[in-house]
Amino acid sequence: MAQIIDGKSLAMALRDEVAASVLEIQARGGRVRFAAVLVGDNPASQIYVRNKQRACEKAGIDFVLYTLPATCQYKELTDLIQRLSADSQIHGVLLQLPVPPEVIGNRLSEVLNLIDPRKDVDGLTITNLGLLAGGNNGLVACTAQGVLHAVQSVCPDLTGKKVVMIGRSQIVGRPTALLLTNQNATVTVCHRLTQNLGEHTRTADIIVVAAGSPQLLTAEMVKPGAIIIDVGINRLPDGRLVGDVDFENVAPQAAAITPVPGGIGPLTIAFLLKNIVAAYRLQNGL
Ligand code: ADP
């Protein structure tokens, strides 16, 4: 049976580190402040934002929430993002995704790129994605860092490891593939149109799944002894929360595996806090 990678306790340790850094900043008279923007009333987004707020407050980071109705104008959103981005009292700015399509249309990256890259704690601006692609990390997407941390908790050196990344989204798959490549892993990115997914995964030392599809990764797709990282969060009709991995059947084959919930989720929040402190330091030349 695989080692279960306990994302919660790994995250706890990281959050303690962040809280200590914030105390240090406060001792020098500083104040770390973070702004989240939530558009519309998607219940899942409201829960995510509330979790971020709680985590910030526990770490001593001031959290300010700005909400806009789903009926707001595109310009109200861009004005707000620009104002927060220019406010020297605010060190991190996050736009909670998804933004209702009636507000944002196909202009999401235009809006995201209004965020000062030094405040871009989700790592989604062209500048931060470009730095990552160039091998020089700026602020890196929180989930990607969570994945790397989870892997390194059981396999510290990724040099030469064969990784299959399932999913190529801007927020998860792509930055994760780049971050692991920067750690000298050999990364294959698979997606919806990949043929014979199992052929790729069966040769992988490490499989990261972020596809939003329950039970996508099954036991026969996994090499015995592989490390399995499940980024998926899916709500089943019966209310259960599951990942993208058929955990029950894959776990006995794997060397290590992340659970859902309690795996990558808590690590993502911990790295958001780390990014906020990193953003504060960038802006204060520390
Ligand atoms: P997230 O933001 O969690 O990464 P998205 O829905 O934006 O989720 O992206 C899902 C990604 O997963 C896409 O890149 C898509 O191509 C990939 N994907 C979805 N279903 C499959 C599948 N059956 N096989 C391989 N990749 C898939």
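**View 1. Val 163 and Ile 206 stand opposite each other in this predicted model.** Here we meet two strands side by side: Val 163 faces its partner Ile 206, which belongs to strand S7. Strand S5 covers residues 162-166, and four bridges join S5 to S7. The two strands run parallel.

**View 2. Strand S7 also pairs with strand S8.** Strand S8 spans residues 227-230, and its pairing with S7 is parallel, again over four bridges. Look for Ile 206 once more: its bridge partner in S8 is Ile 227.

**View 3. The side chains of strand S7 point two ways.** In a regular strand, side chains alternate between the two faces of the sheet. Strand S7 takes in residues 206-209, with Ile 206 and Val 208 pointing one way and Ile 207 and Val 209 pointing the other way. Are these four residues buried or exposed? Ile 206, Ile 207, Val 208 and Val 209 are all buried.

**View 4. A shell of residues surrounds the ligand.** Among them you will find Ile 166, Gly 167, Arg 168, Ser 169, His 191, Arg 192, Ala 210 and Leu 216. The shell divides into seven nonpolar, three polar and two charged residues.

**View 5. Oxygen atoms of the ligand meet polar atoms of Arg 168, Ser 169 and Arg 192.** A polar side-chain atom of Ser 169 lies 2.5 Å from a ligand oxygen. From Arg 168, a backbone N or O atom lies 2.8 Å from an oxygen atom of the ligand. Arg 192 offers a polar backbone atom, 2.8 Å from a ligand oxygen. On its own the ligand has 580 Å² of accessible area, and the protein covers 69% of that.

How values were computed:
Residues numbered from 1 in each chain as written. Predicted model: local features only at pLDDT ≥ 70, side-chain atom pairs only at ≥ 80, totals over all residues. Heavy atoms only, no water. Buried < 20%, exposed > 50% of the residue type's maximum accessible area, 1.4 Å probe, protein only. Pairing = 2+ DSSP bridges. Near = heavy atom within 4 Å. Polar contact = N/O pair within 3.5 Å; in protein donor to acceptor, adjacent residues only side chain to side chain. Areas by Shrake-Rupley, 256 points an atom, 1.4 Å probe, with all protein chains shown as cover. Nonpolar A, V, L, I, M, F, W, Y, C, P; charged D, E, K, R; others polar.
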